[in-house]
Each structure stands twice: as C-alpha cells, then as structure tokens.
Amino acid sequence: RLCELLDNAGRGWRKLAELAGAEKRFRCSAEELEMCSLKVLEPRGSPTQCLLQLLAERDCTLRYLLGCLERMGHEQACRVLSSAVQDGIRITVQPESQVVAEGTQVSLTCCATGPPGLMYQWFCGRQEVPGATSSELVIDTATPAGQWYICRVNCGATFTFSRWAHVQVEKSSSPSSGSGYCPSMAGLQILRQPRPCRLAEGDTLVLECRAIGNPPPQYQWFRNRRPVEGAQAPQFQVKLVTTAERGSYSCHVFNLFHEVWSQEVDVEIGEGPRQTSVTPHLLSWRAGVSHSVTPPSPVLAATDKVALLIGNMHYLHHKQLQAPIVDVHALGALLCQLDFKVVSLLDLRKAEMQMAVDEFLLLLDKGVYVGLLYYAGHGYENFGNSFMVPIDAPSAYTSEHCLCVQRVLQEMQQRRTGLNIFLLDMCRKRNLNDDIIPQVGVLEVTANIVFGYATCADAEAYELSQGELSNGIFVTFLKRWLLEDEKITVLLDKVAEDMGTLEITRGRQALELRSNLSERRALTDPIRPPGQDESSARNLQWAKAHVLPESRHLCFDCGVTVQLGFAAEFSNIMIIYTRVVAAPKDITKCEARLTDIPEELDVDLKCTNKESPEELGSPLAPVWSLGCPSCCLYSRICGLQKLRQELAFTVCLQYRYQGMDDFVEERQRVNVGRPLIAKLNLQ
C-alpha cells in the first residue's frame, strides 16, 4: 500500500529518502537512489519498495519512518503505517556502557513502549541473569572483571533486544587514576590517562583514556589541539601509522554537566624529533616520477564516473597475498563517496577477469567522464607492457595466461571515455618465462590517460601485514589523498611524496606516474544531475551487479518464523544470515542453518553458520555487520561470478520442545535468483 502511495514524482519516495537522510546512517547515496529509480523499468518493480529495503537493512524503525511521513504531510501514508507502529515494541531508553570504580554498584536501564504486558529479561553474555526481569538491572561490581549485558523485551512471541552495554570495572587505587575515586562524588573523573609512546613505522598506535561519571562520559580525541575525525571512543587506535600521525595527543572527556581534559602526551617515531607510530611485522611481495603540472582551469562537470576494482589474493600456484581484500574495500568506499559507480571483485580466474573487463567496458561510453581500473595482485612488465596475473595462472605463466593492461586501454579509448585512469598495485619485474612481445597496436593520442604504478619498472610492490589486517603500501598512502579536490596527477604526486617518507621501503618501492593529461580533471568533479539517461545500458549494467536478494521470512510447520537476510561484502561476495524471530512457547531452543550450497561456489564450510560475524574470518566483518541484526547465524558466500544458474540452498531448522531431549528438524528449499555480479553471467 505504501508503494502505491509513494511511487510518484510529487510527495513520493524521493522526498521520503531526503527526509530519512537527515539521520546520517539512513542517508542514501546517489547510486542507491538511482538503483531505486531503475525499478520502474521492471515489470513489478517499485522504487519505494527498494528504498524501504535499504532503510530496513540499516535498522530504520517504523516510528522513525512514520515521523518522516508526517513531516512530508502525507496523511494517507501515515494512516497506513500508524497501526503497525502502535502494535510494535520500541525501545525508548537503551542501556549505556559504563566504566565504574571497584566496589560500587551500577545500574543499567532499558525502557520500551508497545502493547500491554511487556516483559523484560536481562542477559550477561549468553546467560540469563536470574531474577533480572525489570527495566532496571542493578549490578554488584565487587570484582574487576568486565562484562557485556543485553536486555530482551517481549510480549508473547514478539520480542526485540536492546543494544549491548559493557560494564568495565577499574580499581580506584590504580596508579593511572591519579587519585582515589569517591562513589558519592559528583562530576567526572579520569581513571586511566593516555601514556606517551615511541614506536617505529608499521606499528599500531594505541592510546587509552578511561573516565567515570554520571551521566556516562563521552570522548573526543585531539591531535596537536585539533579534533581527530571519528575518534570518539575511550581507546584511540591507528594501524600502520607513519610520520603523518606524529604529534601531541589529548582526550576531551565530557557529559551533559561536566568536562575534563586528559594529560597531553607525545607520540614519537624512530630516532628523529618527529612523532608517530608504526613498524612492519611482515613484508611480502606484491605487485614516482614528478612532472610539470598544467595551470588550473575551471572545474569540469562529470556526466558519470565508473570504476572496476579487482583484487587477487588466493592464487592456486603462487604466493598468497593478504592486502587486496582490505585495499579494494577501502578504495571502493572512498570512490563511492565521490559518486563513482563501483564494481569490486576478489579472486578471479582469467576468463572471469576478461568477462569482468568486458562488462566494465559496457559501462563506458562517450558520456562517461572517468573510467578507473584498479588492480591489486601479482603482475609483471615485459617490453613496456604490463600484465595482470589471474589466480589460476600456472607456475610458469606467460602473457597467454594473463591480461594485458595496454589492450584494456586500447578498448577503453574506443569507448571515448573522457579520462582513463589505471592504478596498478602489483610488481613490475621482468617475467623470464615470457619472451613474447605482444602486438597491442598503436594507441590513440587522446591526452586523457593517467597511469599510477605502485612501484617503478623492474621493482616489486609490497604489502604491510600486521595480525589479520594487511595493507598495500600504495593504498595506505593513496586513501589519505583520494578525496582531495586536486587534479588527478597532482594528487598522485602527493601520494608519491608521502610514500617516499616510509623508511622501510625507501630504495625498494616508489610510485611511478605516467600521464598525458592536458586538462584539469579531478576525481571530485561533480556529476550533473541524472536526466533521461536513467534507462541507459550503462546504468542498467551497473544496477544489475549491485542487487541483493530481498530479505524474507520463512514460516515452518512448527510455528517458528525465520528471517533470511543478505549483505554484500564485494560485488562477488555475499553474506547470508538467518535469525529466529518468532517461536511458540513450548519450543525451548531452535536455530536455522544453511545447507546444500552449490559446490561451484567458493564456500568454506568453516565459514558458514557462525554465531558472530568475526568467526567468518573476514577482516571486513566489522564493516558489513553494522547493518545486520543481532542473534543470527552468518555464512559467507564467495565467487558469485561462477554461478551458472540461480542460487538455491536449504534452510534447515532444528528445534527442541520443552521437556524433550531430542531435536526435531524441518527443511525449506530457498531460491534467491542471481545475486550481485551473478546477474551479469560472467560464465
């Protein structure tokens, strides 16, 4: 009914998206809005339904949605939604994480509105807290062990959970507290001060400031007396820092009534007077010349900007790499902020790489302002031609087994793209197994080509590894400058200068820039508002590669309802999660697992049906899991480009009745079509 009311150009879905975007986490990007608008081209497509799905995946509440409709003045839509809001359970007061002094008591509060007869149950970790069935939980903090708490609010079979709250206990006699803490004392007091440190390039910088107060304290970190964006937690951490992070750090702690500053500490690096923190724990193989800069000219307007990002890691016959997953994701997120249409893919065989490039070329035509290709993986350079190595290349590979970058450029030129950018994060050593000189043909003189090589000719490119996370040297510095409003060649020059400050790769890796760009073209140049080209092949191709299956509810004969949801890690990697949302009272335990996943996909059974996102083994879990509900089982499905038919699997529900020891099992077969990149039929 909402779709019928809002699928129009007046007080419709676009106005709803604008009002909902007042809260940052519900703001839709230009690409997402375009994807919604393209739904009108489908037989039963609805832009409103697509928008509501995006909001639902970000945990938008019905009450917030109703508030947006009220601000729109859409009385009919408000009436449709009002009854649903009144029947739901809404948590109005969430429990807050706290740091408390040892020996004191602390209370956590969770308040909710909804139907009459709401019931509360507090949990400590996975265990119920006996007798904790009111909206307030009082905790005795006699022991210094920190714990996580959550509250379930239910009315019959309908329930919802609060946010997690962490209670950390500090010894009041701790030397870092500065002075003892009096429980009756009003105001705000710092229990743990940050400490100065001296580190080397590649290390992780960790500063911590812990405080106690009522209301609970909030934090903001400062470097050189300027606020650090996004640093609003008690612990401040920077991985793989360089001299750019050197300086004096302090933390501003405040609540509604009080404020206090931590002591200011210096962070130093190496032997010089400059401060920072970094050290390489592992260097592994992976694979600038300055130039005259043209005078700035008026900023140009872009009609469209598209990017293909490929990261190859898990080679069948060569050294495994670690950094491409992090680098491709980081670069893709930044390019999306610049309104690029981004397709990001991991671990492609040669045929899949070629098909991906072919689809990328379909996105390019005379109306495209920027076409950007980024590749991270193994590579080499012979006779002036660069080659990208797919994951199935044999041990003694030649150009026959790889993709030639110059051939891709030649095809891009035929599409008449305004600016062609290649960012090649790979080695450029000679391949002694390959003595063939490929006949690429003559490139056109177009004055619109930029090559950014992560390293010089006949040299390696490196990645920094620390723990589970790795970054390529190139992207580590590139992401610092990518959002700057600079001509692309000037931007890459600055990246080259920054890379030159890293001691561990000095003399071994340096960015090389090749360009014949004659105009001031920048990645930040704005896109003209989309007009009648919304139905163009370019937009359709891009939209198809980004469509997730719709979340759905499966109803089983026993009365259990299971939510099946989806999230995208890359264009060819999807997360599927299952969650029991309703169950009869006589069923005491139940869970829904995925089975019978097609063998053609890269699915590690050790990465399916996990109770937490982190157990899937992906370093990006903290990113995509933000939009997923709690209390789920997660499965990571890789290699979607290999699908030859629609993705079908089985949801297996196992449950146990009260007073019985044996589990009962029910199964449902589910078909979710061709998700994400599988729609492009790269096979």
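Three phenylalanines open the picture: in this predicted model, Phe123, Phe159 and Phe161 are joined into a cluster by ring pairs. They are part of a wider theme, since a search through the whole structure turns up 12 aromatic pairs. A pair of aromatic rings is described by two things, how far apart the centres are and what angle the planes make.

Take phenylalanine 236 and tyrosine 249. Their ring centres are 5.6 Å apart and their planes meet at 35 degrees, so this pair is tilted. Stacked pairs need planes under 30 degrees apart, and edge-to-face ones over 60, which means that 35 degrees falls into the tilted class. The two partners come from distant parts of the chain, 13 residues apart. Phenylalanine 236 belongs to strand S17, which covers residues 235-238, while tyrosine 249 belongs to strand S18, residues 247-254. Both ends of the pair are tucked away from the surface: phenylalanine 236 has a relative accessibility of 9% and so counts as buried, and tyrosine 249, at 1%, is buried too.

The rings of phenylalanine 451 and tyrosine 453 make another pair, this time with centres 5.5 Å apart. Here the planes are at 10 degrees, so the pair is stacked. Phenylalanine 451 and tyrosine 453 are both buried. Tyrosine 453 has a further partner, because the charged end of arginine 428 sits over its ring, 3.7 Å from the centre, and a distance within 6 Å is part of what such a contact requires. A second arginine does something along these lines elsewhere: arginine 508 lies over the face of tyrosine 462, and the distance to the ring centre is 5.1 Å.

Away from the rings, a couple of aspartates catch the eye through their backbone angles. Aspartate 339 has a phi near 70 degrees, a positive value in a residue that is not glycine. Its place is the loop that runs between helix H7 (324-337) and strand S23 (341-346). With a relative accessible area of 31%, aspartate 339 is partly exposed, because that figure lies between the 20% limit for buried and the 50% limit for exposed.

Aspartate 596 also shows a positive phi without being glycine, in this case near 55 degrees. This aspartate sits in a loop as well, the one between strand S36 (587-595) and helix H13 (621-624). Its relative accessibility is 46%, so aspartate 596 counts as partly exposed.

Terms used:
Residues numbered from 1 in each chain as written. Predicted model: local features only at pLDDT ≥ 70, side-chain atom pairs only at ≥ 80, totals over all residues. Heavy atoms only, no water. Helix = DSSP H or I, 4+ residues; strand = E, 2+ residues; numbered from the N terminus. Buried < 20%, exposed > 50% of the residue type's maximum accessible area, 1.4 Å probe, protein only. Phe/Tyr/Trp six-rings, centres within 6.5 Å; stacked < 30°, edge-to-face > 60°. Lys NZ or Arg CZ within 6 Å of the ring centre and 35° of its normal.
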